[in-house]
Every structure is written in structure tokens, then in C-alpha cells.
Amino acid sequence: MSLHPRRRSVLRSHGVTVVWLTAVWVLLWGDVTWGNLVNGVLLAVLVAFGLRMTPVDFHGRVHPGALAVLLGTFVVDLVRASFEVSMVALRPRHTPRGAVVCVQLRSHSDLYLTLTAELVSLVPGSLIVEAHRLTGRLYVHVLDVETSGGIEAARQHVLDQEARLLRALASDAELEDAGLRRRPERGRPGGRLEVQR
């Protein structure tokens with residue numbers, strides 16, 4: 001007797017969740033033992049099957065080259081922003097001018113909105129104040145507008161982060177809906193397409 005395709009899909013997604021949560025549990029303990037492994041599996045099964053979670057629609061696939069660009073740029077941003085924030089903190093008699101910047105994202109997916117918000121928040125000097133899922137807007141607090149190059153530069157930084165994320169994980173249809181191409185246009189880091197009217 002075969003399982004219904006929907007049930008098979010749910011079991012497959014829960015299986016991935018169980019494996020992932022078990023791996024995180026073992027890594028948090030820092031020691032691979034039978035006890036940690038069994039406890040991790042039990043807790044992962046409890047979380048995956050016991051708690052009601054909203055299903056996440058993912059229609060894309062991982063593009064290794066674009067994922068490498070996303071991760072490499074993220075590490076560079078992390079180092080650069082850490083240096084900039086330390087300079088702001090160490091400058092005598094300098095009061096940073098912060099701002100909250102509204103950024104309208106291109107994608108309408110909750111998954112990409114959440115991942116973009118996480119990537120932006122992990123970089124020092126920027127923090128997501130609000131993520132509005134119905135409109136697809138992020139409100140980003142920037143620590144010092146001067147060091148980030150101004151409000152438009154801060155907004156463009158978030159859009160570039162979203163574009164790299166979409167190129168790394170989105171399907172061709174999702175990229176097209178967002179007005180992006182698989183490869184960025186030369187001279188435009190975010191690869192935005194100008195709409196002709």
C-alpha cells in the first residue's frame with residue numbers, strides 16, 4: 001500500500017527537519033556520542049511532529065556558484081562592517097547618526113523575506129526593526145548613515161543582498177517575477193532591470 005503523495009511530501013520534509021535538528025543538537029553539545037545522537041533524534045522528532053509549523057513553500061533549487069558568491073560577499077560584508085562599527089565606537093566626540101530605512105523587496109516570498117532579513121541583521125551596524133510580510137517591506141535600522149554611504153546606499157545594500165540570495169536559491173520563474181536575471185548586469189551590483197514605460 002502506497003502513501004498519498006501529500007503525505008509522502010510531509011514525511012520527506014519532516015525527515016529533513018529531523019536530520020537537521022539532530023545535527024544542530026549534536027553540534028551544540030560539541031561531542032558525538034550515542035547519548036547525544038539519540039537525544040537529538042528524540043527531540044527533533046518531538047519538535048517536527050509535535051509542534052505545528054507553517055509550511056514553507058520552496059520552489060527553487062540551490063545554484064552552487066551563486067551560493068558561493070552570496071556566502072563570500074556575506075563574509076566580506078561581515079568583516080568590513082565589523083571594522084566600520086569599531087571605528088564608529090572608537091572615534092572620539094563622534095555621535096553616529098542612525099536612521100530607519102524602508103526597503104521594498106522585489107520578491108513576495110515569505111522565505112526570501114525572512115532569509116534577507118536574517119542576512120542583513122547578522123551584519124554589524126544594521127538591524128531589522130520590522131518585516132512586513134504583506135507588503136514585502138523591511139525596515140532597517142542603520143547605526144551610522146555616514147559610514148554606510150547614505151540612506152540610498154543602505155537601501156541598495158539590502159536590495160543587493162536580496163538579489164544575491166534570489167540568484168542562489170530561487171527558481172527562474174521567481175527571478176523573473178522579481179525582475180532579476182540569473183547573472184547580474186555589468187556595472188550594477190544588484191542587477192536591477194529598468195522597466196521601460
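I started at Thr 116, which touches Leu 105, Leu 138, Val 158, Glu 162 and Leu 165, leaving out residues up to four places away in sequence. Contact here means heavy atoms within 4.5 Å. The model is predicted: local features need pLDDT of at least 70, side-chain atom pairs count only at pLDDT 80 or more, and totals for chains, interfaces and linings use all residues. Residues are numbered from 1 along each chain as its sequence is written, and side-chain values use heavy atoms, without hydrogens and water.

I placed Thr 116 in helix H4. Helices are DSSP runs (H or I, at least four residues), numbered from the N terminus. Thr 116 counts as buried because its relative accessibility is 0%. The classes are buried under 20% relative accessible area, exposed over 50%, and partly exposed in between (1.4 Å probe, protein chains only).

Next I looked up the largest nonpolar core. A nonpolar core is a set of buried Ala, Val, Leu, Ile, Met, Phe, Trp, Tyr and Cys residues joined through side-chain atoms within 4.5 Å. This one has 16 residues, and Tyr 112, Leu 165, Leu 166 and Leu 180 touch the most other members. Helices H3 (64-90), H4 (110-122) and H5 (151-169) each give two or more residues. H5 gives the most, with five.

I then noted a second, separate core of 13 residues, including Val 101, Leu 113, Ala 117 and Val 120.

Last, I checked Val 47 in helix H2 (residues 34-50). Val 47 is partly exposed, because its relative accessible area is 30%. Beyond its neighbours within four places in sequence, Val 47 contacts Leu 21 and Met 53. Val 18 is 29 residues from Val 47 in sequence and 8.3 Å away in space, C-alpha to C-alpha.
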